[in-house]
Amino acid sequence: MRAKGIFVQVASYRDPQLVPTLVDLIEQSSRPGALRIVVCWQHGDDETLEAFLDQGFVLEAGEDADVTGAWPVRRLGRAGAVVELIDVPRLRSRGVCWARNLVQQRYEGEAYTLQLDSHHRFVSGWDDVAIGMLESLRGGSRKPALTTYLPAFDADNDPEGRVMLPSVLLFREFDADGIVLFAGRYVGESEYDHPIPGSFYSAHFCFADGSFATEVRHDPDLFFYGEEISIAVRAYTHGYDFFYPHRLIAWHRYGCEGRVAIWQEHTEAARTRGDIDVSWEEHNDRARARVRRLLGVDGLRPTGMEATPYGFGRVRSLAGYEEQTGLCFASRTARAGAGQLPPPGAEFRARSRAARAAAC
């Protein structure tokens with residue numbers, strides 16, 4: 001147990017950027033020895049541990065199994081950091097939310113947690129930057145969390161291709177099923193002098209107290225779409241307040257170029273051949289229906305889901321979240337300015353106090 005450490009969560013599906021991401025994560029850390037990185041490594045037969053060893057990772061003796069007993073866990077080390085690979089063959093994956101849930105079950109009480117995808121780059125001393133930002137928020141929020149759609153980098157033109165501006169999350173639209181979609185927007189580093197209050201959540205970057213990994217654990221029955229809005233609402237009901245970093249911490253690679261996505265392999269044809277038991281389309285349809293029920297889209301009732309580990313907390317209500325954001329799930333509507341940012345210079349405590357006032 002590393003009570004003062006950082007529990008880093010990474011879900012990776014056949015991604016050649018995984019190893020470079022881990023290398024940069026560790027090399028740019030101020031204290032690599034405080035990092036415990038758990039990766040759900042969903043890989044093909046041609047993707048082996050040699051890719052890690054060739055880049056300076058050391059394979060530690062022995063292995064164990066994940067908490068379900070289904071998957072071996074390979075242990076690697078580099079510069080004092082610990083890396084645990086949950087070894088999942090590609091055709092046995094059940095999607096990114098399932099993978100994130102496997103990772104979260106290995107949490108061991110670290111002070112902080114960082115959730116990532118497997119295609120990132122980092123500023124020097126990113127861990128000090130993130131901790132400093134999070135701790136600066138304690139006066140106005142009991143449970144702050146930093147999250148955003150990170151600025152982009154280009155793996156084929158790095159570091160020159162990095163966007164050198166912080167970014168924030170905004171409401172974009174309700175899709176055809178009533179699932180809320182977000183959009184990123186760049187802001188100038190001089191616009192804000194503190195983390196920016198927000199209401200939305202990015203699955204590819206979230207830095208929070210370690211308890212976030214247990215209190216707002218990913219629902220393994222979700223697939224992809226709907227993941228972020230469901231986590232945003234559930235975290236709110238557990239008392240968390242979201243803030244967008246006002247300074248650069250890391251970069252994210254957008255798009256699927258150069259890697260194989262799960263929807264390219266978990267197809268109906270693969271199910272017919274017997275390679276998989278459920279196609280990604282079927283899994284995705286079920287998951288979207290689950291999100292609709294949880295949030296009451298079109299007036300649907302949760303049918304008991306709110307009482308499960310993947311339902312709501314008891315600190316605040318779904319209605320309180322709708323009031324804060326200006327969204328209405330039942331009618332798929334958003335009032336003017338829904339999810340907009342506070343003006344530069346606004347006191348950062350104001351939003352979280354208003355949120356507490358709306359508690360049920």
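# Loops, helices and cysteines: worked exercises

Asp298 sits in the loop between α9 (280–295) and α10. Helices (H or I, at least four residues) and strands (E, at least two) are DSSP runs, numbered from the N terminus. This is a predicted model, where local features need pLDDT of at least 70, side-chain atom pairs count only at pLDDT 80 or more, and totals for chains, interfaces and linings use all residues. Residues are numbered from 1 along each chain as its sequence is written, and side-chain values use heavy atoms, with hydrogens and water left out.

## Exercise 1: How far to trust the model

Find the mean pLDDT of the chain, then look at residues 345–360.

*Solution.* Start with the score: pLDDT is the predictor's confidence in each residue, from 0 to 100. Its mean over the chain is 90, with 91% of residues reaching 70 or more. Next, the weak spot: residues 345–360 have a pLDDT below 50, though beyond near neighbours in sequence the stretch makes 33 contacts in the model. A contact here means heavy atoms within 4.5 Å. Where pLDDT is low, the predicted coordinates should not be read in detail.

## Exercise 2: Loop residues with positive phi

Work out phi and the accessibility class for Asp298 and Arg332.

*Solution.* First, the classes: buried means under 20% relative accessible area, exposed means over 50%, and partly exposed is in between (1.4 Å probe, protein chains only). Asp298 has phi near 60°, a positive value in a residue other than glycine. Its relative accessible area is 39%, which makes Asp298 partly exposed.

Now move to the loop between β15 and β16, where Arg332 is placed. Arg332 is also a non-glycine residue with positive phi, near 55°, and at 29% relative accessible area it is partly exposed. Ser331 lies in that loop too, between β15 (327–328) and β16 (333–334), and is partly exposed at 39%. As a last step, check a distance: the C-alpha atoms of Ser331 and Gly296 are 9.3 Å apart, with their positions 35 residues apart along the chain.

## Exercise 3: A cis peptide

Which residue is joined to Pro159 by a cis peptide bond?

*Solution.* Locate Pro159 in the loop between β8 (144–147) and β9 (167–174). The cis bond joins Asp158 to Pro159, with omega about 10°.

## Exercise 4: The cysteines

Explain why Cys97 has no disulfide partner.

*Solution.* Fix the criterion: a disulfide is a pair of cysteine sulfur atoms within 2.5 Å. Then take the closest cysteine sulfur to that of Cys97; it belongs to Cys40 and is 12 Å away, too far for a bond. The search of the whole structure gives 0 disulfides. Burial is a separate matter: Cys97 is buried at 1%, while Cys328 is partly exposed at 27%.

## Exercise 5: An enclosed helix

How many residues of helix α3 are buried, and what covers them?

*Solution.* Of the 9 residues of α3 (residues 96–104), 8 are buried, so the rest of the structure largely encloses this helix. Among them are Cys97, Trp98 and Arg100. Then look outward: the cover includes β1 (6–13), β2 (35–43), β5 (81–89), β6 (112–116), α5 (212–215) and α6.

## Exercise 6: One side of a helix

Where do the buried residues of α4 lie around its axis?

*Solution.* List them first: in α4 (residues 126–136), Trp126, Asp127, Ala130, Ile131, Met133 and Leu134 are buried. They span an arc of only 165° around the axis, so they are on the same side of α4. The arc is that of the directions from the helix axis to the C-beta atoms.

## Exercise 7: Two packed helices

Describe how α6 and α10 pack.

*Solution.* Begin with the geometry: α6 (residues 227–237) and α10 (residues 318–325) pack at about 110°, and their axes are 9 Å apart. That makes α6 and α10 roughly perpendicular. On the α6 side, the contact residues include Ile229 and Tyr236; on the α10 side, they include Leu318 and Tyr321. For the conventions, axes are lines fitted to C-alpha atoms, for helices over the stretch in contact, and angles run from 0 to 180 degrees between N-to-C directions. Under 35 degrees counts as roughly parallel, over 145 as roughly antiparallel, 65 to 115 as roughly perpendicular and the rest as oblique.

Finally, check the burial of α10: 6 of its 8 residues are buried, so α10 is largely enclosed by the rest of the structure. Just after α10 comes Gly326, with positive phi near 85°.
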